[in-house]
Amino acid sequence: MKVLLDVDTGVDDSIALLYALFNPEIEIVGISAVCGNVEAWLAAENTMKILDLAEAPDIPVAVGAEKPSCREWDGRVAFIHGKNGLGNVELPPSRRSTRDVDVSRFHMDLAEQYEGELVVITLGPLTNIARTIREYPGFVHKVKGLVMMGGTLTMRGNVSPVAEANVACDPQACDQVFTSGMDITVVGLDVTMRTRLKMEHLDWLSGCCKPACRPAVDYMRQAMAHYLRGNQTQNYCMGDCPLHDPLAVMCAVIPSLVRTESRKARVECGGTYCRGMIVTDLREHPFQAEYVRFAVEVDSERAVRELMSVFWE
């Protein structure tokens, strides 16, 4: 699978990235960074540090939007991801460098190079993707599809009563992507909140991982210590944490991990209490919108096993 990742690399992005790097079914052909958990420039730096940790090949990395489409950025989510976005784990500076290219041109070049094959996986706000669609409308017809981590249908929100962080950060961008006609699968809180990783999983993994994966597993155990504390506050988790971004990457490779429903969907872009809410219309005569595929059920135990399987011998 040829994959373009769009990331705001915090702790769960880094775990998702490590899963993808060690999964032989995935070939990451490009990575773009967007502001969300941290600034886009820092997300790119964190990404390159994770690439070094996995001894990955020279994967091109581009820096994208440093603010959402129509508002100011709220700043780093340090209580979840640490001051540096990596759970306060200090990794060596990377000798890699980002590509000096406009992020939309970067996306379009990859879509043309891998036309009909490229799967876009977004792990942060959709600011970069919406911008690419505006500048290059043909992008939506050249990619195979998009899998996004974000949103919620029936689960409570994690930044408001009804909104998930990636969508709430830039609801206008998400709505533009939803109305683009692209083939979209949404992996949101309805399934990620039911898929939990425990420190015991990583403790077990540290005893049986492949030698090449040892630095990655050691990093995950360290970063998880801070991430667990943050999730006690945001997600009311005690002793475990949701697999938000990793589950989205896993679903791109193994769609059978989740059951999906297709619904006409838009995103509420205004309001005091409902900004960032995904609205779906199940009436016989629904509002004008494109169909979007939403993950509504998950085989959570299988998903956790799948995550760990790329690291163990």
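This is a short walk through one protein model, going from its sheet to its empty spaces and then to a couple of single residues.

Okay, hi everyone. Before anything else, keep in mind that this is a predicted model.

Let's begin with the sheet. Strands of a sheet pair through backbone hydrogen bonds, and they can do that in parallel or antiparallel fashion. Here we have nine strands in an open sheet, and the pairing is mixed. If you want to trace the sheet on your screen, go S3, S2, S1, S4, S5, S6, S11, S9, S10. So which strands sit at the edges? Those are S3, residues 61-63, and S10, residues 278-281, and each of them pairs on one side only. From one strand to the next, the twist averages 30°.

Now zoom in on two of those strands. S1 covers residues 2-7 and S2 covers residues 27-33, and the two pair in the parallel sense over six bridges. You can check the pairing by eye: Lys 2 stands opposite Glu 27 in S2. A little further along, Leu 5 stands opposite Ile 31, again in S2. There's a helix here as well. H1, residues 11-22, packs on the sheet and touches both S1 and S2. Its direction makes about 160° with that of S2.

How covered up are these strands? In S2, six of the seven residues are buried, so we can call that strand mostly covered. S1 has five of its six residues buried, so the rest of the structure largely encloses S1.

Two helices tell a similar story. Take H8, residues 171-178: seven of its eight residues are buried, so H8 is largely enclosed by the rest of the structure. Which residues of H8 are the buried ones? They are Pro 171, Gln 172, Ala 173, Cys 174, Asp 175, Val 177 and Phe 178. Then there's H12, where nine of the ten residues are buried, so H12 is largely enclosed too. The buried residues of H12 include His 244, Asp 245, Met 250 and Cys 251.

Hold on to H12, please, since we meet it again in the next part, on empty spaces.

How many cavities of 30 Å³ or more turn up in a search of the whole structure? The answer is one. The volume of this largest cavity is about 40 Å³. Around it you'll find Met 48, Leu 51, Asp 58, Ile 59, Pro 60, Val 61, Arg 96, Ser 97 and Arg 99. That lining divides into five nonpolar residues, one polar and three charged.

Next come the pockets, and I'd like to show you the second largest one. Its volume is about 240 Å³. The lining has 14 residues, and the ones nearest the centre are Val 147, Thr 185, Cys 251, Ala 252 and Pro 255. Three elements give two or more residues to this lining: strand S5 (145-149), helix H12 (244-253) and strand S9 (258-267). Which of the elements gives the largest share? That's S5, with three residues. By type, the lining of this second largest pocket has eight nonpolar, three polar and three charged residues.

Last part: two single residues, one buried and one exposed.

The buried one is Thr 122, in strand S4, residues 119-122. Why does Thr 122 count as buried? Because its relative accessibility is 0%, and the cut-off for buried is under 20%. Leaving out residues up to four places away in sequence, Thr 122 touches Asp 6, Ile 129, Leu 146, Val 147, Met 148 and Met 149. You've heard one of those names already: Val 147 was among the residues nearest the centre of the second largest pocket.

The exposed one is Tyr 291, in strand S11, residues 291-298. Its relative accessibility is 52%, so Tyr 291 counts as exposed, the cut-off being over 50%. Setting aside neighbours within four places in sequence, Tyr 291 is in contact with Ser 262, Arg 263 and Lys 264. And here's a nice pair to find on your screen: Tyr 291 and Asp 183 are 108 residues apart in sequence, yet 8.5 Å apart in space, C-alpha to C-alpha.

That's it from me, thanks for listening!

Note on methods. Residues are numbered from 1 along each chain as its sequence is written. This is a predicted model: local features need pLDDT of at least 70, side-chain atom pairs count only at pLDDT 80 or more; totals for chains, interfaces and linings use all residues. Side-chain values use heavy atoms; hydrogens and water are left out. Two strands pair if DSSP finds at least two bridges between them. Helices (H or I, at least four residues) and strands (E, at least two) are DSSP runs, numbered from the N terminus. Axes are lines fitted to C-alpha atoms, for helices over the stretch in contact, and angles run from 0 to 180 degrees between N-to-C directions. Contact means heavy atoms within 4.5 Å. On a 1 Å grid over the protein atoms alone, a cavity is a set of points where a 1.4 Å probe fits but cannot get out, and a pocket is an open set with protein on both sides within 12 Å along at least five of seven lines; lining residues have an atom within 4 Å of a point. Grid points are joined across faces, edges and corners, and a volume is the space filled by probe spheres set on the points. Ala, Val, Leu, Ile, Met, Phe, Trp, Tyr, Cys and Pro count as nonpolar, Asp, Glu, Lys and Arg as charged, and the others, Gly among them, as polar. Buried means under 20% relative accessible area, exposed over 50%, partly exposed in between (1.4 Å probe, protein chains only).
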